[in-house]
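Thanks for asking me to look this one over. My notes follow as numbered points, best read with the model open beside you.

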Amino acid sequence: MTLILGIDPGSRITGYGVVRDTGRGCEYIASGCIRTGSGPLHERLQIVFRGVSEVIRTYGPVTMGIEQVFMARNADSALKLGQARGAAIVAGAEAGLEIAEYTASQVKQAIAGTGGADKQQVQMMVMHLLKLVQKPQIDASDALAIALCHAHHRQTLIPHGLVSAKRRSGRLRL
């Protein structure tokens, strides 16, 4: 059984989700949001780093999935998102986690069956797959979706011996 951490990075809110991959499916362990407030960027990045580090210490995952940066209409927002993502990746790397990156469409495809699913569709599928009775916050739901996507990709790669072949510098590129 493998504990998997999913991260939905953000410079104001970073969602996290922890699931246990049993080999037959995933079980919900925890989820939540790391809120950084509206201070200077360097302070918000430090909060993301410390928050992700604390989640890793608390739950002990061995692998982490994180969403890749996409180019939005606002380049400044995309840069801040990339920096928050970097803070989360460094926290995972410092803890020795295996790290994999997924596009938003890969996550949506794995969870909802279509790369064009909206956030509410993904949230409902996360609830269904993890047998949750309450809706998690949308950022936490996205993070759980990333963790589930990572579990799915691990299940398809491990039997073929591809996980170690794709691993470079502690990060999986899928």
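1. Let me start at D8, in this predicted model. Setting aside residues up to four places away in sequence, D8 touches I13, T14, G15, E67, D139, D142, A143 and I146. D8 itself sits in strand β1. Its relative accessibility is 6%, so D8 counts as buried.

2. D139 deserves the next look. This residue belongs to helix α5, which covers residues 138–157. With buried meaning under 20% relative accessible area, D139 falls in that class because its relative accessibility is 18%. Again leaving out residues up to four places away in sequence, D139 touches D8, I13, G15 and C33.

3. What does UniProt list for D8 and D139? The unreviewed entry gives both under "binding site". The two span 132 residues in sequence, yet their C-alpha atoms are not more than 6.5 Å apart, so they gather at one spot. Both D8 and D139 are also part of the lining of the largest pocket. Please keep in mind that the UniProt annotation may be inferred rather than shown by experiment.

4. On to the pocket, which you may want to display as a surface. The largest pocket has a volume of about 510 Å³. There are 23 lining residues, and those closest to the pocket centre are D8, P9, E67, F70 and K119. Helices α2 (75–94), α3, α4 and α5 each supply at least two residues of the lining. Which helix gives the largest share of the lining? That is α5, with four residues.

5. Back to strand β1, the home of D8. Seven of the seven residues in β1 (residues 2–8) are buried, so the strand is largely enclosed by the rest of the structure. T2, I4, G6 and D8 point one way from the strand, while L3, L5 and I7 point the other way, and all are buried.

6. How does β1 pair with β2, parallel or antiparallel? β1 and β2 (residues 13–21) run in the antiparallel sense, with seven bridges between them. A hairpin of four residues connects the two strands, and I7 has Y16 in β2 as its bridge partner. With β4 (residues 63–67), by contrast, β1 pairs in the parallel sense over four bridges. There, I4 is bridged to T63.

7. Next, the nonpolar packing. The largest nonpolar core has 20 residues, and V19, V107, I111, V126 and L130 touch the most other members. β5 (98–102), α3 (104–112), α4 (119–130) and α5 each supply at least two residues of this core. Helix α5 gives the most, with seven residues. A second, separate core holds 18 residues, including Y16, V48, M64 and A87. Y16 is thus a residue to look at twice, as a member of this second core and as the bridge partner of I7.

8. For a closer view of the packing, try V107. Beyond its neighbours within four places in sequence, V107 is in contact with Y102, A145, I146 and C149. I146 appears among the contacts of D8 too.

9. To sum up, helix α5 is a good element to keep in view. It carries D139, gives the largest share of the pocket lining and gives the most residues to the largest nonpolar core.

Note on methods: Residues numbered from 1 in each chain as written. Predicted model: local features only at pLDDT ≥ 70, side-chain atom pairs only at ≥ 80, totals over all residues. Heavy atoms only, no water. Buried < 20%, exposed > 50% of the residue type's maximum accessible area, 1.4 Å probe, protein only. Pairing = 2+ DSSP bridges. 1 Å grid on protein atoms, 1.4 Å probe; cavity = no way out; pocket = protein on both sides within 12 Å on 5 of 7 lines; lining within 4 Å. Contact = heavy atoms within 4.5 Å. Core = buried A, V, L, I, M, F, W, Y, C linked by side-chain atoms within 4.5 Å. Points joined across faces, edges and corners; volume = space filled by probe spheres on them.
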